[in-house]
Amino acid sequence: MNREAFEKGRKTRREVLGAPYDDGSIKYSDDFNMPMQDLVTECCWKGADHPAILEFFRDNK
């Protein structure tokens with residue numbers, strides 16, 4: 001796992017979905033689903049940090 005990409009993805013997810021959701025996604029992960037959580041956070045959420053995407057999510061909450 002690329003820790004820098006994971007943290008960037010987590011920051012984006014936190015901005016879009018809110019701190020309670022982000023904290024819960026990590027808190028309730030276990031040995032089985034944490035690898036998927038890592039993958040999605042690192043690859044998908046890191047890539048969703050484009051200003052237009054973030055603006056869309058902010059405007060449509």
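## Exercises: cysteines and helix 1

The sulfur of Cys43 lies 6.3 Å from the closest cysteine sulfur, in Cys44, too far for a bond. This is a predicted model, in which local features need pLDDT of at least 70, side-chain atom pairs count only at pLDDT 80 or more, and totals for chains, interfaces and linings use all residues. Residues are numbered from 1 along each chain as its sequence is written, and side-chain values use heavy atoms, with hydrogens and water left out.

**Exercise 1.** Find how many disulfides the structure holds.

*Solution.*
- Take the cut-off: a disulfide is a pair of cysteine sulfur atoms within 2.5 Å.
- Check Cys44: its nearest cysteine sulfur, that of Cys43, is 6.3 Å away.
- Conclude: the structure holds zero disulfides.

**Exercise 2.** Work out on which side of helix 1 the buried residues lie.

*Solution.*
- Locate helix 1: residues 3–17. Helices are DSSP runs (H or I, at least four residues), numbered from the N terminus.
- List the buried residues: Ala5, Phe6, Gly9, Thr12, Arg13 and Val16. Buried means under 20% relative accessible area, exposed over 50%, partly exposed in between (1.4 Å probe, protein chains only).
- Place them: they cover an arc of only 130 degrees around the axis, which puts them on the same side of helix 1. The arc is that of the directions from the helix axis to the C-beta atoms.
- Turn to the face away from the buried side: it carries the exposed residues Glu4 and Lys11.

**Exercise 3.** State which helices the buried residues of helix 1 pack against.

*Solution.*
- Apply the contact cut-off: heavy atoms within 4.5 Å.
- Read off the partners: helix 2 (19–27), helix 3 (34–47) and helix 4 (51–59).

How values were computed:
Helix = DSSP H or I, 4+ residues; strand = E, 2+ residues; numbered from the N terminus. Expected span 1.5 Å × (residues − 1).
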